[in-house]
Amino acid sequence: MTGLESVFARARTEGRAALIGYLPAGYPTLEGSQELLAAMIDGGCDIVEVGVPYSDPVMDGPTVQAASDKALRAGFRLRQLFEVVERISSHGGQAVVMTYWNPVHRYGVDAFARDLAAAGGQGIITPDLIPDEAATWMKASDEHGLHRIFLVAPSSTDQRLEMTAKASSGFIYATAVMGVTGTRDKVGAGAAELVRRTREHTSLPIGVGLGVRNGEQAAEVAGFADAVIVGSAFIQAAEADGTDGVRRLAAELAEGVRSPR
Amino acid sequence: MSEAGTVTTRRDPAAVDPPEKVDLHAPGKHDPDETGHFGPYGGRFMPEALVDALDELRDSYDKARVDPDFVDEFKRLLRDYAGRPSLLTEAPRFAQHCGGAQVWLKREDLNHTGSHKINNVLGQALLTKRMGKTRVIAETGAGQHGVATATACALLDLDCVIYMGEVDTQRQALNVARMRLLGAEVVPVKTGSRTLKDAINEALRDWVTNVDTTHYLLGTAAGPHPFPTMVRNFHKVIGAEARAQMLEKAGRLPDVVTACVGGGSNAIGIFHGFIDDPEVRLVGIEPGGHGLDSGEHGATLTEGIPGMLHGAFSYLLQDEDGQTIEAYSISAGLDYPGVGPEHSWLKDTGRAEYTAVTDDEAMHAFQLLSRTEGIIPAIESAHALAGAIKLGKELGEDGVILVNLSGRGDKDMDTAAKYFGYAS
Ligand SMILES: Cc1ncc(COP(=O)(O)O)c(C=O)c1O
């Protein structure tokens, strides 16, 4: 069993959803991001999703964009990603990387997979890589034992859900609403329906992201999904209160995923 | 793998197909493979949320392109609204500065709204109606595509939102006013470099959110499949007309066809008229800005490395980490760090060549055409003219050059006045 699989297995026995928290590597600085990610795990995140800051993040709303920009302006370099992942792994945390595809392509897909696996990373979430274009990544991920976490959306047809589910491993990322990242007052009603439709094609865990910001919403999503994914709200917490804010939010969300509704 | 760009047939140069008889829209051997790849380039590097919309667009377009009703309506608008066919004008006084070679100008500047952009916009706006969508979004750099889009939306009664980098809204204030006059909402984009590439990012974010009602009317032959093919086909009329006009007026095909390359739409449109004439050289001119060594340019094909941006795999200005490098050009319509995927394939196969001219070379050509022919070109198009000056010197007196004059220069008066010190 991979680290990721054992997290989901444990959550399942405990009758709860897993909590996945996102922050960009190098935000606000390299050192700072390592502290924030550690605080996330302390507070109760089961898995951390380490973002790769990128110049053209089309799936992201203003909060993640601004954080990404901050990291790049602070001098973030791609190779530092592996240091960040390594730190998490050596503290017993489970890390997946969320990245737009061009940085991976530029680094070399196989080299990236090799270095990520060596750092203890579990896999990659690919917001702008669909299975249709992923031949190189399929091969590299198999070779280096990494999970392929593709996205599904409310607009995905059943045929695409099936195809994407087949190509995925570890878990599947269901985007709750049609839109970009950012906190929302309501998680889309379409989220539960998307999870239901996706389940018809897979026994993999399904995580729901885009819009979750508090314990109450986490509990709601935990009622129908295997993982709750939170990003922008962690950035807002970091902006407001640094590591304390992040730890507090993680604790609130961790309680939420333990009281599914 | 696709056959695109591989030249197999040699046409009889004297064979004149009247442009209205040639089917520019039918599927053919220069189309990409089924998933939108020209060789290794193109494809779809897009969020899953948009795949269904791209499939819908592809299916609608595939039906429309072989539907005589659609094709006839498109041709009617090009003729009765845009003013096609555009003229072919010889430029003998300008040619004296081009090593004595003959120079012919394809006058896209005479189209309604002042550039080639109207061709693609009318095609996609008609398609939007067919898809039953009511809202159109678009990006714009110089404002030409935004103005053309706002125009077509006024004509066809579609809601229109234009994303424009904040920097460009200042550089092209008059075009902002034009779009607003035409009823469009103009949204200044304040993220990233605040120029064209960020306007595209913002338009994509809007599209993901509003895809049910909205068509993204992309302004160049780039982006995810089917955009590069569809936009190209709407612009093929440029090359088809130009080929027939050359045969009629010059009595022969040109030695070289040249066009400026931003995203690549005007270039791909004129190139396709000659792509099966292997004796005709196709030369794309990129913005060299302050010079290739300065690092401040937009010469994607000349200096870039293949990568993914805005949904396609193509040459790209990027750093070692795969971050996009901001492009620079005096011309707002050319400062884009990516380029349409078919150009990447034409470059690799050798069917087309790409080279750059600097801001200064372009501005020299801009002034020269104004003073020798009484035609003020767009600064974008002035890059192609600067290319013709160099190519003419290579070819000498026997040479014949066809230049795509993609737009007129009225929009550039502010920049030109500053550059030449005309403002009092
Ligand atoms: C007159 C003119 N020519 C050329 C371009 C560059 O675009 P493309 O390379 O797609 O033809 C623009 C873009 O705004 C333009 O306005």
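**Around the ligand in chain B**

In this predicted model, a backbone N or O atom of Gly262(B) comes within 2.7 Å of an oxygen atom of the ligand. Gly264(B) makes a similar approach through its own backbone, with an N or O atom 2.7 Å from a ligand oxygen. Thr220(B) uses its side chain instead: one of its polar atoms is 2.6 Å from an oxygen of the ligand. Left on its own, the ligand would expose 390 Å², and the protein buries 97% of that. As for where the ligand ends up, it sits in the largest cavity. There are 18 residues around it, and those that come nearest are Thr220(B), Gly262(B), Ser265(B), Asn266(B) and Ser406(B).

Turning to a loop of chain B, His297(B) is found between β10 (281-287) and α11 (300-303). His297(B) counts as buried because its relative accessible area is 7%, under the 20% cut-off. The side chain of His297(B) also has a partner close along the chain, reaching the backbone nitrogen of Ala299(B) at 3.0 Å.

Then there is helix α1 of chain B, which covers residues 48-64, 17 residues in total. From first C-alpha to last, α1(B) reaches 25 Å, close to the 24 Å expected at 1.5 Å a residue. Plenty of α1(B) is tucked away: the buried residues are Glu48(B), Ala49(B), Leu50(B), Val51(B), Ala53(B), Leu54(B), Asp55(B), Leu57(B), Ser60(B), Tyr61(B) and Ala64(B). In general, an α-helix has 3.6 residues a turn, so residues three or four places apart point the same way. Among the buried residues of α1(B), Leu50(B), Leu54(B), Leu57(B) and Tyr61(B) can be picked out with that spacing in mind.

Methods
Residues are numbered from 1 along each chain as its sequence is written. Chains are lettered from A and ligands numbered from 1 in the order in which they are written. This is a predicted model: local features need pLDDT of at least 70, side-chain atom pairs count only at pLDDT 80 or more; totals for chains, interfaces and linings use all residues. Side-chain values use heavy atoms; hydrogens and water are left out. Helices (H or I, at least four residues) and strands (E, at least two) are DSSP runs, numbered from the N terminus. The expected span of a helix is 1.5 Å times one less than its number of residues. Buried means under 20% relative accessible area, exposed over 50%, partly exposed in between (1.4 Å probe, protein chains only). A residue is near a molecule or strand if one of its heavy atoms lies within 4 Å of it. A polar contact is a pair of N or O atoms within 3.5 Å; within protein, one must be able to donate a hydrogen and the other to accept it, and residues adjacent in sequence count only if both atoms are side-chain atoms. Accessible areas come from the Shrake-Rupley method with a 1.4 Å probe; for residues, only the protein chains shown count as cover. On a 1 Å grid over the protein atoms alone, a cavity is a set of points where a 1.4 Å probe fits but cannot get out, and a pocket is an open set with protein on both sides within 12 Å along at least five of seven lines; lining residues have an atom within 4 Å of a point. A molecule sits in a cavity or pocket if more than half of its atoms lie within 2 Å of its grid points.
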